[in-house]
Amino acid sequence: MTTVIDGKDVAASVIETVKSATGALESETGVRAGLAVVIVGDDPASHTYVSAKSRMAKECGFLSVQHTLPEETSQEELAALVAELNADPSIHGILVQLPLPKHLRSEPIIQSILPEKDVDGLHVVNAGKLATGDLEGGLVSCTPAGAMVFVRRTYGDDLSGLNAVVIGRSNLFGKPMSALLLAANATVTTAHSRTKDLAAVCRNADILVAAVGRPEMVKADWVKPGAMVVDVGINRVPAPERGEGRTKLVGDVAFDECAKVAGVITPVPGGVGPMTIAMLMANTIIAACRMAGRKPPKF
């Protein structure tokens, strides 16, 4: 029988750990974890995400601060706000919601966030710490960190002797995911659009992670029987069976056929998705504990 991972359940257990660590930190040190979220402009999807993040931060017991800036905000004004939040001792995590309006450059803003407050894990210092195996010192990008929770709960902390294949080499997901698997002693192959005979490479994987943004690209004959398949893709495709003009969300893995071969698989939606906000909360309490000189919880 294939195990289908319920991302909502796992995310809920991560949030429970965050809540108890937040309560313990405040009662023992008087420090309340603080998360500041910055959003610029009127993008409806971004506002939906930010509302969900702010709601979850409050639920975790954090000091939750939201800065909603107008579309015409200048680069200098945004940079000044980030500098202010960097200097604020009550804020342990800073998140600037992407994408920014077209006239703003996101990279200088992201790199201006203090690495120890960069709860999105996008600063080059955090990327560098992960690449060099320093998992105790940096903050890990939320989506790969969430996918890794699934892997650890399936195989434990030590992946010695297991082959992992990550399809995708993006800075946001593919590279950090490969680094996390490598740090856990897996033998890791990073595959991508230029990989020769991709299906054959994937068939060798005990852990197969797909993050390419191509709907249902991974087929059943790509999957080693009994392997773990983690689907990070989110693609909206036409769903005529639901009525004219209707769509549905699918991953990068052809779920129905791959679920017959895999030992463990994550669905889309409801797999990796719910973990992203949960790991943002995890990063915030990790950052708060470190700044207070306390040992952060393990997720």
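**Notebook: annotated site, cores and helix α8**

I began at I234, which touches L249 and V250 when residues up to four places away in sequence are not counted. I note at the outset that this is a predicted model.

**Entry 1. I234 and its setting.** I located I234 in the loop between β8 (228-231) and β9 (235-238). I then looked up its accessibility: the relative accessible area is 58%, so I234 is exposed, the cut-off for that class being over 50%.

**Entry 2. The annotated set.** I checked the UniProt record, an unreviewed entry, and found that its "binding site" annotation covers G168, R169, S170 and I234. From this set, I found S170 and I234 in the lining of the largest pocket.

**Entry 3. R169.** I placed R169 in the loop that runs between β5 (163-167) and α7 (174-183). Its relative accessibility is 41%, and I therefore recorded R169 as partly exposed. With neighbours within four places in sequence left aside, I listed G174, K175, T190, H192, S193 and R194 as the contacts of R169.

**Entry 4. The largest nonpolar core.** I turned next to the interior and found that the largest nonpolar core has 59 residues. Within this core, L181, M281 and I285 are the residues with the most contacts. I traced its largest share, 12 residues, to helix α10 (residues 273-291). I also asked where this core lies with respect to domain 1 and domain 2. Both domain 1 (28-123 + 275-291) and domain 2 (142-268) give residues to the core, so I place it between them.

**Entry 5. M281 and the second core.** For M281 I set aside residues up to four places away in sequence and found that it touches I15, V18, L35, K53, M56, A57, C60 and F62. I noted in addition a second, separate core of 20 residues, with L198, A210, A227 and C258 included in it.

**Entry 6. V201.** I assigned V201 to helix α8 (residues 198-202). Is V201 buried, exposed or partly exposed? I found a relative accessible area of 21% for V201, which means that it is partly exposed, since buried requires a value under 20%. I took one C-alpha to C-alpha distance here: V201 and A191 are 7.9 Å apart in space and 10 residues apart in sequence. Neighbours within four places in sequence being left aside, I recorded V165, T189, T195 and K196 as the residues in contact with V201.

Conventions: Residues are numbered from 1 along each chain as its sequence is written. This is a predicted model: local features need pLDDT of at least 70, side-chain atom pairs count only at pLDDT 80 or more; totals for chains, interfaces and linings use all residues. Side-chain values use heavy atoms; hydrogens and water are left out. UniProt positions are given in the numbering used here, feature names are shortened, and annotations may be inferred rather than shown by experiment. On a 1 Å grid over the protein atoms alone, a cavity is a set of points where a 1.4 Å probe fits but cannot get out, and a pocket is an open set with protein on both sides within 12 Å along at least five of seven lines; lining residues have an atom within 4 Å of a point. Helices (H or I, at least four residues) and strands (E, at least two) are DSSP runs, numbered from the N terminus. Buried means under 20% relative accessible area, exposed over 50%, partly exposed in between (1.4 Å probe, protein chains only). Contact means heavy atoms within 4.5 Å. A nonpolar core is a set of buried Ala, Val, Leu, Ile, Met, Phe, Trp, Tyr and Cys residues joined through side-chain atoms within 4.5 Å. Domain bounds come from an automatic or database domain assignment.
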